[in-house]
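Here are my notes on this one, in the order I'd go through them. Have the viewer open while you read.

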Amino acid sequence: QVQLKEFGGGLVQAGESLRLSCAASGNIANIKAMAWYRQAPGGLRLRVAAITTGGITDYGDFVKGRATISRDNAKNTVYLQMNNLKPEDTAVYYCAAGPNWLELDLEYWGKGTLVTVSS
């Protein structure tokens, strides 16, 4: 089993930045990709960004240019830096992990951290 724990959510104002962290623990040997998803109230779950152990990244179109995903393999931690936050970025942000970044293969999910962006 793999446990994921997100950190770093909170209330920020529009235009500010925020960095989320996701720490993985447990049997992580088969974890080759990690991703950040978000779900706004009443909205669909959307992938924000994903990264492989080799450092290949992918971003949702709605955050390109405003978000950077990175990872520290030694710490088993993935980060999501988001800049120029907008009220529409308000959502619960979830960390996910699996053998690849296809959503169907992301076996492990964190409980989420709430990001609220005020205008």
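1. Start with the charges over rings. Lys-5 lies over the face of Phe-7, at 5.9 Å from the ring centre. Keep in mind that this is a predicted model. Arg-45 does something similar at another spot: its charged end sits over the ring of Trp-109, 4.1 Å from the centre.

2. Trp-109 is worth a second look. How many aromatic pairs are there? The count comes to one. Its partners are Tyr-37 and Trp-109, with ring centres 5.0 Å apart and planes at 55°, so the pair is classed as tilted. For the class, recall that planes under 30 degrees apart would be stacked and over 60 edge-to-face.

3. Where do those two rings come from? Tyr-37 belongs to strand β4 (residues 33-39) and Trp-109 to strand β10 (residues 108-109), so the pair ties together parts that are 72 residues apart in sequence. As for cover, Tyr-37 is buried at a relative accessible area of 2%, while Trp-109 is partly exposed at 28%.

4. Now the inside. The largest nonpolar core has 28 residues, and the ones touching the most other members are Leu-4, Met-34, Trp-36, Ile-69, Leu-80 and Tyr-93. At least two residues of this core come from each of β1 (2-7), β3 (18-26), β4, β5 (45-52), β7 (67-72), β8 (77-82), β9 (91-98) and β11 (113-118). Apart from it there is another core, of five residues, including Tyr-37, Ala-50, Ala-96 and Leu-106. In general, nonpolar side chains in soluble globular proteins tend to be buried together.

5. If you want one residue to click on, try Met-34. Which residues does Met-34 touch, leaving aside neighbours within four places in sequence? Among them are Leu-4, Cys-22, Ala-24, Ile-69, Val-78 and Cys-95, and Arg-71 is in contact as well.

6. On the fold as a whole, the protein has zero helices and eleven strands. Of the contacts with a separation of 6 or more, 54% are between residues 24 or more positions apart.

7. Last, overall dimensions. For 119 residues a compact globule would have a radius of gyration near 14 Å, and the protein's 13 Å agrees with that. The C-alpha trace spans about 40 × 25 × 25 Å along its principal axes. Buried residues make up 39% of the 119. The accessible surface is about 6200 Å², with 50% of it belonging to carbon and sulfur atoms.

Note on methods:
Residues numbered from 1 in each chain as written. Predicted model: local features only at pLDDT ≥ 70, side-chain atom pairs only at ≥ 80, totals over all residues. Heavy atoms only, no water. Phe/Tyr/Trp six-rings, centres within 6.5 Å; stacked < 30°, edge-to-face > 60°. Helix = DSSP H or I, 4+ residues; strand = E, 2+ residues; numbered from the N terminus. Buried < 20%, exposed > 50% of the residue type's maximum accessible area, 1.4 Å probe, protein only. Lys NZ or Arg CZ within 6 Å of the ring centre and 35° of its normal. Core = buried A, V, L, I, M, F, W, Y, C linked by side-chain atoms within 4.5 Å. Contact = heavy atoms within 4.5 Å. Rg over C-alpha atoms; globule rule 2.2 N^0.38 Å. Areas by Shrake-Rupley, 256 points an atom, 1.4 Å probe, with all protein chains shown as cover.
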